[in-house]
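Let's take a walk through this protein together, starting with the whole and then stopping at a few places along the chain. Keep the 3D view open and turn it as you read.

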Amino acid sequence: MNKIVFLSVYFFILSGVGFSQRSFSLEDIYRDNAFAAAKFGPIRWMRDSKGYSSIEKNADVDGDDLVRYDAASGRRSLLVSAEELIPEGQTAPLQIADYHWSADNRKLLLFTNTRKVWRYHTRGDYWVLDRETKALRQLGRGLPGSSLMFAKFSPDGSRVAYVSKNNIFVEFLESGAIIPLTNDGGENTINGTFDWVYEEELGCRDGFRWSPDGEHIAYWHSDTRDIGTFYLINNIDSVYSQPIPLPYPKVGSKLSTVKIGVVSAEGGDSRWFAVPGDPKNNYLARMDFIPDSDEVLIQQLNRRQNTNTVWAGDITTMSLSRVLEEKEETFLDIHDNLIWLDGQQYFTWTSERDGWRHLYKVSRDGSSITLLTQGDFDVERISHIDPEGGYVYYIASPDNFTQRYLYRSPIDRPGPAERITPTNLPGQHAYQLSGDSRFAIHTYHNAVRPPRISLVALPTHRELRILEENRALKEKYDALGLRPKEFIKVDIGELVLDAFMIKPIAFDPTKKYPLLLYVYGEPAGSTVQDSWMNGDLWHQYLAQLGYVIVSIDNRGTKTPRGRDWRKSIYGQIGILAAEEQHAAAQKILSSHDFIDASRVGIWGWSGGGQMTLNCMFRYPDVYKTGIAVSFVSDQRLYDATYQERYMGLLEDNPEGYRDGSPIHHAQHLQGDLLIMHGTADDNVHYQSFEMLVDRLIQYNKQFSMMVYPMRAHGINERENTSLHVRETMKKFWIEHLEPGPR
């Protein structure tokens, strides 16, 4: 297409035929947050389950009030005013990032002035407010500012324990005395929290637990000296470059040496559990106290992550007894659904042993295992376990894998699953239940409905009041006149995949449009969900430029379709998914006359970036152009815990690691490719980007690239970054994948 004609088409699209007169811009989305949803909370159900607390703005002093609402009546009462949160000698109240109540609700623990540790704001300052005396005091006096992590009350509320600079401390609230429980924390020794890979891949952040009687603290201790160090380089904040060391275990390399110890809450020497096995080749993935006991329950995951051994450890004798062993030929996931029942004689346990993810009831000695959530469906997540009420409440979707609903099953007798969410609310649902299960904060959204938050009575699901409707956002979104996302099925012969499709407003089925495929395809996520996703305005924006957008969930993605669906990916990351994405793309091309097979693009981020490269390199006849962002080019470069979980150990599957890595197929590139990465990506290192660049040069392949200095995996730090990323991508699509109908 000649350049003058192409530009004419482009300006024609932007002038109003592609966009409605009520159009939106990338600046609206990524600079001005014009379509941001309002939030509510955070909410904490009070001890009596009759009301909940929440944060509300106090305009008079530009601070936060903590208020209570009675669930049944809606009556509002002030618990803590913003004026009470003004520290002595200051004029402004504390800005609350999070808060927690003591067990008796008489003291309030406030988290403020937070700092990000890798992905999450887990470091900052903590303050305690005594509601009776109105005394407000900062914790950790004498320790570095904004260095405290994971502060939590002792069971009796008299003390608070926290981590600072990789050591654990206990502070007495009455006297202000601070006792260090560990003193060896430092660059290579971590107490009470975790290294990068434990946080990222095992969801471990808070690394210590109070004993039920408040006399001891059990904690994780990590020695990271054997982990290889990867260096991020900061070239933009000083005249000389600054290396940033990151202990990061790559595939096949050594892990941290991790152990679990117990120390008196008044200080002294730590004692250690002698968990069997090489601590460098096992993960201590979970640990918590058994209520009303001197025992902890420890979950030990082997390096292959296909065996989870559960140990009961006595903190008096430091002896261990094996309770349960969960095994899988492929891999296991770790779950946080363990609740003790029947006087601590049984506990709940999540397993896929019958082919579906379900909740079981296990005896304390592991001799008895009973299925609680019965049926041919996955329990997607547990919302609440109520021993007194006799039910477990959980999210599932037996009939539509793109949606999520609340169900319940009895925990004291066999019984069928009972759906609680009404059938007239299609989409995604989440619930925060009161302790007695009589009420829940209900969040509902779908692809065209921003989050609607309400209070409902259970089990009838009667709505008592709306807490946040996002009405203005809904009206603004509806005014755009966009075509709603269509959820479709793609039959590739062996199985049927879920997909979505977005068409331009002015779609003409008699003409042919370019196809733009959005892909993820790995076990950590799913793209085809009937959820708000901020209106998916990026893809809607591209659709108005004249593209048909499609996304497909291949086997192995995080959807509730059973164990075989999820485990099929084992040993073939990047291989099976690329085959199924290709088969699905061909099916869409052959079954939709309005798709132009000569104009097919694909893009993805992170695992989706890897999938984009695999598709373009393996099937250059189909994918003519693509954008890969923050991708893994060689699976050996990624972290050991994630990659070995799904691929097996490198020595057991060298062919899989090679065949699944796009760098080994780079010689087949034919189309137009843009690769993008942040140099401060602590997750998928910039090394992956540079190695692919080197390989493409070796094969004399032409490509485009964009590098974002000192941006991490999400490429969103520093001024104007998010907008620039999207403008860069838009420009590439327009220049290399001609938009608009023919």
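What you have on screen is a predicted model. Let's begin at strand β15, residues 216-223, which pairs with β18 in the antiparallel sense over eight bridges. To find a spot where the two strands face each other, look for Y219, which stands opposite G261 in β18. Strand β18 itself covers residues 257-264, and it is mostly covered, with six of its eight residues buried.

Now stay on G261 for a moment, since it has another partner too: in β19, its bridge partner is W272. Strand β19 is residues 271-272, and two bridges join it to β18, with the two running antiparallel. Together β18 and β19 make a hairpin with six residues between the strands. Within that hairpin, G267 takes a positive phi near 100 degrees.

With one corner explored, let's zoom out. Across the protein there are twelve helices and 43 strands. How does the radius of gyration sit with that of a compact globule? For 742 residues, a compact globule would come in near 27 Å, and the protein has 27 Å, so the two agree. If you lay the C-alpha trace along its principal axes, it spans about 80 × 65 × 60 Å.

What about inside and outside? Buried residues make up 58% of the 742 residues. The protein exposes about 30,300 Å², and carbon and sulfur atoms supply 47% of that area. As for how the chain meets itself, take the contacts with a separation of 6 or more: 58% of them come from residues 24 or more positions apart.

Next, head toward the start of the chain, where an open sheet of four strands has the order β1-β2-β3-β4, with antiparallel pairing. Its edge strands are β1 (44-45) and β4 (76-80), each of which pairs on one side only. Strand β1 is joined by two bridges to β2, residues 51-58, and those two run antiparallel. For a landmark here, pick R44, whose bridge partner in β2 is S53.

Moving along to another set of strands, we reach β36 (residues 486-491) and β37, which pair in the antiparallel sense over six bridges. D491 stands opposite V496 in β37. These two strands form a hairpin with four residues between them, and G493 in the turn has a positive phi of about 95 degrees. Strand β37, residues 496-502, is mostly covered, as six of its seven residues are buried. It also pairs with β39 (residues 548-553), in the antiparallel sense and over five bridges. You can spot that pairing at F500, whose bridge partner in β39 is S551.

Two residues are worth a detour for the neighbours they have in space. A479 sits in helix α4, residues 471-479. Is A479 buried or partly exposed? Its relative accessibility is 31%, so it counts as partly exposed. Although A479 and S23 are 456 residues apart in sequence, their C-alpha atoms are 8.9 Å apart in space. D564 tells a similar kind of story from helix α6, residues 563-567. This residue is exposed, with a relative accessible area of 61%. D564 and G355 are 209 residues apart in sequence, yet 7.0 Å apart from C-alpha to C-alpha.

D564 also brings us to a stretch with a database label. UniProt, in an unreviewed entry, lists residues 540-738 as "domain: Peptidase S9 prolyl oligopeptidase catalytic". In the model, this span is 41% helix and 17% strand, and its end C-alpha atoms lie 17 Å apart.

Our last stop is helix α9, residues 640-647. Why is α9 described as largely enclosed by the rest of the structure? Eight of its eight residues are buried, so the rest of the structure largely encloses it. Among the buried residues are Y642, R645 and M647. What do the buried residues of α9 pack against? Their partners are α3 (196-202), β20 (282-289) and α10 (654-659). At the N-terminal end, D639 caps the helix, with a side-chain oxygen 3.0 Å from the backbone nitrogen of T641. Just after α9 comes G648, which takes a positive phi of about 80 degrees.

Note on methods. Residues numbered from 1 in each chain as written. Predicted model: local features only at pLDDT ≥ 70, side-chain atom pairs only at ≥ 80, totals over all residues. Heavy atoms only, no water. Buried < 20%, exposed > 50% of the residue type's maximum accessible area, 1.4 Å probe, protein only. Pairing = 2+ DSSP bridges. UniProt positions renumbered as here; feature names shortened; annotations may be inferred. Contact = heavy atoms within 4.5 Å. Polar contact = N/O pair within 3.5 Å; in protein donor to acceptor, adjacent residues only side chain to side chain. Rg over C-alpha atoms; globule rule 2.2 N^0.38 Å. Areas by Shrake-Rupley, 256 points an atom, 1.4 Å probe, with all protein chains shown as cover.
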